[in-house]
Amino acid sequence: MTLTAAVVGAGPDPDNPSGDGYAMGYRHADAYEEVDGVDLVAVADIVPENARAFADEYGIGDDGVFEDYEVMLESVEPDVVSVTVPPAIHADISIGCIRSGVVAGVHCEKPMSRTWGEARAMAEEADRHDVQLTFNHQRRFGEPFRRAKELLDAGEIGDLERVEFSAPNVYDYGSHSFDLCSYYNDETEAEWVLANVDYREEDVLFGAHNENHAVVQWRYENGVTGLATTGVGAETVACHNRLIGSEGVIEVGPGGVSASEPLRIRRDGEGWESIACGEGVHGDDCIRRAIADVVAGVATGDPSELSARNALVGTELIFGAWESARRRGRVDFPLDIDDNPLESMVESGELTPESGDP
């Protein structure tokens, strides 16, 4: 059986990505084109020229080009929809697709949503309507990250005791980082988080605020702890992901986001050993693997690794970290807020980042 796929949010020119738009719809489309068992048949974008350019790129006919995604759903009835719009409208469009009664799967870009309340609502609606809702935390499918998990599961560093990461920020890039920590810790839910942030210079990516500097500590229900440093202080951890075990350490991307070495391991009593992976910590191959996993899940009914349930674990830590900064204390889970604490602190004047615009 061949499934049909559609994209909501073509975005602007994919050759000129920026903090206003990264044209992730094109990357999803490239993956759909390469994955067996799925045909890309439609696109919707509120900017007609963006939708038309996207359709021309992928050979989509006029009957598959729309400005209104709801009209697209009614006309085309796709099996899977990729939602590649800015985070502020992830929830509205994803829930609209879920409630349409047409789609079997919704694959949304990360971060999950603008607020914690919206993230929970998306997952709840997907469960209620029996729709597979997934999020594009595609780094799970990158070879260095996959190989690190294999080494961990094989007992190469003993029992996992702590996960660490450094990243540019908690929300945008950190969405991947927290998700990978959950992946390494077998999707175990967190118990609490303690964090503080500095936000003196405005940093808005894809319409959402991101702090300049954060230190985050947390604990999972199985006793594994976490530590993250972002932005100005990222060099404190200085590793894309670090797994500390009872008998050694695994580092994915030692040095941080721009690391040239993909993976290394240090067993107790030994020096560092580089592990060949065939690819680095960045690249679009993992998007194809992620889309393949999503398509397989929709076709078989089996849950994807990228499920909303898994995404909620890391997302709760993101909003929990910002809530900890707002409360100036530890936050115990489950998280009992609905808003985006960083955004709320900016709107209330508690945080006053200076705009870099002239």
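Q: In this predicted model, which residue forms a salt bridge with Asp338?
A: The criterion is a side-chain nitrogen of Lys or Arg within 4 Å of a carboxyl oxygen of Asp or Glu, and the closest N and O atoms of the pair in question are 2.6 Å apart. Asp338 lies in the loop between β17 (331-332) and α10 (341-348), whereas its partner belongs to helix α5, 218 residues away, and the pair thereby links distant parts of the chain. The residue that pairs with Asp338 is Arg120.

Q: Are Asp338 and Arg120 buried, partly exposed or exposed?
A: Buried means under 20% relative accessible area and exposed means over 50%, with partly exposed in between. Asp338 has a relative accessibility of 48%, while Arg120 has 26%. Because both values lie between those two limits, Asp338 is classed as partly exposed, and Arg120 is likewise partly exposed.

Q: How many salt bridges does the structure hold?
A: The pair Asp338 and Arg120 is one example, with its closest N and O atoms 2.6 Å apart, and Arg147 with Glu150 is another, at 3.3 Å from N to O. The number of salt bridges in the structure is 33.

Q: Why are Arg147 and Glu150 separated by about one helical turn?
A: The side chains of Arg147 and Glu150 meet in a salt bridge with an N to O distance of 3.3 Å, and Arg147 is partly exposed at 32% relative accessible area, as is Glu150 at 44%. An α-helix has 3.6 residues a turn, so residues three or four places apart point the same way. Arg147 and Glu150 are about one turn apart because both sit in helix α6 (residues 143-153) at a spacing of three residues.

Q: Which residue forms a salt bridge with Asp332, and which residues are joined into one network by salt bridges that share partners?
A: Asp332 is partly exposed with a relative accessible area of 44%, and its closest N to O approach of 3.0 Å is to Arg330, which is partly exposed at 47%. Salt bridges with shared partners make one network out of Arg140, Arg146, Asp179, Glu187 and Glu305.

Q: Is Tyr183 buried or exposed, and which residues is Tyr183 in contact with beyond its neighbours within four places in sequence?
A: Tyr183 is placed in helix α7 (residues 174-184), and because its relative accessible area is 8%, Tyr183 counts as buried. From C-alpha to C-alpha, Tyr183 and Pro48 are 39 Å apart in space and 135 residues apart in sequence. With neighbours within four places in sequence left aside, the contacts of Tyr183 are Arg140, Phe145, Arg146, Lys149 and Glu305.

Q: How many of the 10 residues of helix α4 (residues 90-99) are buried?
A: The buried residues of α4 are His90, Ala91, Ile93, Ser94, Ile95, Gly96, Cys97 and Ile98. What covers them includes β1, α3 (69-76), β4 (80-83), β5 (105-108), α5 (116-129) and β6 (132-135). Helix α4 is therefore mostly covered under the 20% limit for burial, and the number of its residues that are buried is eight.

Q: Which residues form the negative surface patch that includes Asp13?
A: Asp13 is found in the loop between β1 (3-8) and α1 (24-34). Patch members need over 30% relative accessible area, and Asp13, which is partly exposed, has 40%. The negative patch is made up of Asp13, Asp15, Asp30, Glu33, Asp39 and Glu57.

How values were computed
Residues are numbered from 1 along each chain as its sequence is written. This is a predicted model: local features need pLDDT of at least 70, side-chain atom pairs count only at pLDDT 80 or more; totals for chains, interfaces and linings use all residues. Side-chain values use heavy atoms; hydrogens and water are left out. Patches are made of residues with over 30% relative accessible area and no salt bridge: like charges are joined within 9 Å, nonpolar side chains (Val, Leu, Ile, Met, Phe, Trp, Tyr) within 5 Å. Accessible areas come from the Shrake-Rupley method with a 1.4 Å probe; for residues, only the protein chains shown count as cover. Lys and Arg count as positive and Asp and Glu as negative; His and the chain ends are not counted. The place of a charge is taken as NZ of Lys, CZ of Arg, CG of Asp or CD of Glu. Helices (H or I, at least four residues) and strands (E, at least two) are DSSP runs, numbered from the N terminus. Buried means under 20% relative accessible area, exposed over 50%, partly exposed in between (1.4 Å probe, protein chains only). Contact means heavy atoms within 4.5 Å.
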